[in-house]
Amino acid sequence: MTDSPRKRPVRLLHHDTAERPFIVIWEVTRACQLVCTHCRADAIRSRNPLELSTEQGKALLDDLAAFGTPRPLVVLTGGDPFERPDLPELVAHGTALGLSMALSPSVTPKLTREVLVDLHDAGAKAISLSLDGATASTHDTFRGVAGVYDDTMIAAGLVREVGYRLQINTTVTADNVHELPAILKTVLELGTTLWSIFFLVPTGRGTLLNALSAEQEEEVLHWMHDVSELVAIKATEAPHYRRIAIQRAAVTDVEAAFPVGPLRASLRAETATQLTGEEPKRRVARAPIDVNSGRGFAFVDHVGMVYPSGFLPIAVGCVRDQPFADIYRGADLLQDLRSPDNFGGRCGRCEFRAVCGGSRSHAYAVTGDPLAADPSCMYEPAHA
């Protein structure tokens with residue numbers, strides 16, 4: 001079996017996700033000096049004295065490395081991970097264990113070239129920065145602090161200069177969706193390795209924002225597939241992007257099979273305008289990978305609680321009390337999330353359930369049931 005995007009529309013993992021995760025996100029602190037309107041963590045100004053200590057954090061990394069090859073990818077996030085003075089020590093420890101370490105900092109005065117160099121020397125290879133608007137007005141409103149857009153442009157340049165792979169994260173809502181083509185242009189200009197588009201989950205401060213309708217989300221996902229030859233794209237909390245990739249690969253006339261609606265038409269027209277005169281390099285579209293909450297993915301918060309994802313706030317254990325592997329393999333909810341045949345409603349009947357499974361976070365946020373049908377997906381299964 002090959003994962004070549006030329007041969008299959010979705011990349012499949014070569015290991016059993018019931019045994020080991022593909023990626024683990026560790027929220028090393030909840031402290032952050034920004035006040036982002038969509039923050040799933042409801043971040044705070046000061047560090048929590050109960051967050052995992054340096055030694056406890058190293059023990060968690062030891063647990064993750066103990067899975068053996070292939071070891072999970074590890075992303076240190078927050079809050080703002082740069083609020084932790086021991087961050088280089090944690091990165092160096094994880095790197096020495098053979099873990100691939102990445103960082104997801106906030107753009108604040110703590111993000112300096114000196115710190116970036118120290119962390120790169122410690123072994124960090126990739127950094128993700130958030131860009132939630134095509135202009136300072138939109139992005140700074142998201143971030144709650146004036147000047148962050150300009151600082152993000154500077155930070156992205158520093159990240160590339162120091163030698164990191166750059167990932168850009170964009171949260172899309174009904175209010176900024178029409179800026180996606182302009183953000184795409186900036187993403188290309190910054191030399192981005194991966195563009196991760198987050199579909200708003202109404203949790204934390206995000207409950208105050210306007211999410212896309214299911215129909216709009218479908219249109220955006222098709223547009224993302226259209227432009228995925230320009231930059232590698234990841235759909236976060238929209239696993240039905242994989243369903244769309246499979247459906248499109250099965251037809252010869254995409255336009256006839258999936259008629260273009262008003263939003264996609266608008267995004268396409270604005271993309272053409274933004275890229276007029278540009279000659280972006282074309283690439284083989286990066287197929288989405290088959291990972292979902294609790295199925296290849298797990299989240300550890302600042303005090304050591306384990307969750308299926310950062311957007312699905314149901315704790316399934318604590319690394320202070322149990323080894324991470326025991327929690328990941330044995331927690332009832334995680335086992336349920338790895339059994340899509342038992343999902344409710346359309347998701348449980350869907351012929352794509354094994355490779356999609358829907359956003360469990362959206363299901364929980366809207367219905368209170370993490371196994372319910374995903375209300376952010378409009379697809380009607382072929383066999384009702």
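These legends go with several close-up views of one predicted model.

As this is a predicted model, local features need pLDDT of at least 70 and side-chain atom pairs count only at pLDDT 80 or more, while totals for chains, interfaces and linings use all residues. Residues are numbered from 1 along each chain as its sequence is written, and side-chain values use heavy atoms, with hydrogens and water left out.

**View 1. How confident the predictor is along the chain.**
Start with pLDDT, the predictor's confidence in each residue, from 0 to 100. The chain averages 92, and 93% of the residues score at least 70. Residues 1-6 are another story: pLDDT stays under 50 there, and the model has 13 contacts for them beyond four places in sequence (a contact being heavy atoms within 4.5 Å). Where pLDDT is low, the predicted coordinates should not be read in detail.

**View 2. Strand S9 and its pairing partners S1, S8 and S10.**
Helices (H or I, at least four residues) and strands (E, at least two) are DSSP runs, numbered from the N terminus. Two strands pair if DSSP finds at least two bridges between them. S9 covers residues 296-300, and 5 of its 5 residues are buried, so the strand is largely enclosed by the rest of the structure. Buried here means under 20% relative accessible area, exposed means over 50%, and partly exposed is in between (1.4 Å probe, protein chains only). S1 (residues 23-27) runs parallel to S9, with 4 bridges joining them; look for Ile25, whose bridge partner in S9 is Phe299. S8 (residues 292-293) also pairs with S9 in the parallel sense, over 2 bridges, and there Asn292 stands opposite Gly296.

**View 3. The S9-S10 hairpin.**
S10 (residues 305-307) runs antiparallel to S9, and 2 bridges join the two. Phe299 turns up again here, with Tyr307 as its bridge partner in S10. The hairpin has 4 residues between its strands, and Gly304 takes a positive phi near 100°.

**View 4. Strand S4 beside S3.**
S4 spans residues 126-130; 4 of those 5 residues are buried, so this strand is largely enclosed by the rest of the structure. S3 (residues 100-103) runs parallel to S4, joined by 2 bridges. Ala102 is the residue opposite Ala126 in S4.

**View 5. Gln167 and what it touches.**
Gln167 is found in strand S5, residues 165-172. Its relative accessibility is 23%, so Gln167 counts as partly exposed. Skip residues up to four places away in sequence, and Gln167 touches Ile127, Ser128, Leu129, Thr192, Leu194 and Ser196. Leu190 is 23 residues from Gln167 in sequence, with the two C-alpha atoms 9.8 Å apart in space.

**View 6. Aromatic rings around Tyr328.**
Rings of Phe, Tyr and Trp (its six-membered ring) pair if their centres lie within 6.5 Å; planes under 30 degrees apart count as stacked, over 60 as edge-to-face and the rest as tilted. By that rule the model has 6 aromatic pairs. Phe324 and Tyr328 have ring centres 6.1 Å apart and planes at 15°, so this pair is stacked. They sit 4 residues apart in helix H11 (residues 324-330), about one helical turn, and both are buried. Ring pairs also bring in Phe67, linking it with Phe324 and Tyr328 in a cluster.

**View 7. Arginines over rings.**
A charge sits over a ring if NZ of Lys or CZ of Arg is within 6 Å of the ring centre and within 35 degrees of the ring normal. The charged end of Arg338 sits over the ring of Tyr328, 4.8 Å from its centre. Arg360 lies over the face of Phe343, at 4.2 Å from the ring centre.

**View 8. Helix H14 and its packing.**
H14 runs over residues 360-367, and its buried residues are Arg360, Ser361, His362 and Ala363. These buried residues pack against strand S6 (194-199), S8, helix H12 (332-337) and helix H13 (345-349). Gly368 follows the helix, with a positive phi near 85°.

**View 9. Cysteines without a disulfide.**
Count a disulfide as a pair of cysteine sulfur atoms within 2.5 Å, and the total comes to 0. Cys377 is in none; the nearest cysteine sulfur, that of Cys356, is 6.1 Å away. Cys377 has 12% relative accessibility, so it counts as buried. Cys318, at 9% relative accessibility, counts as buried too.
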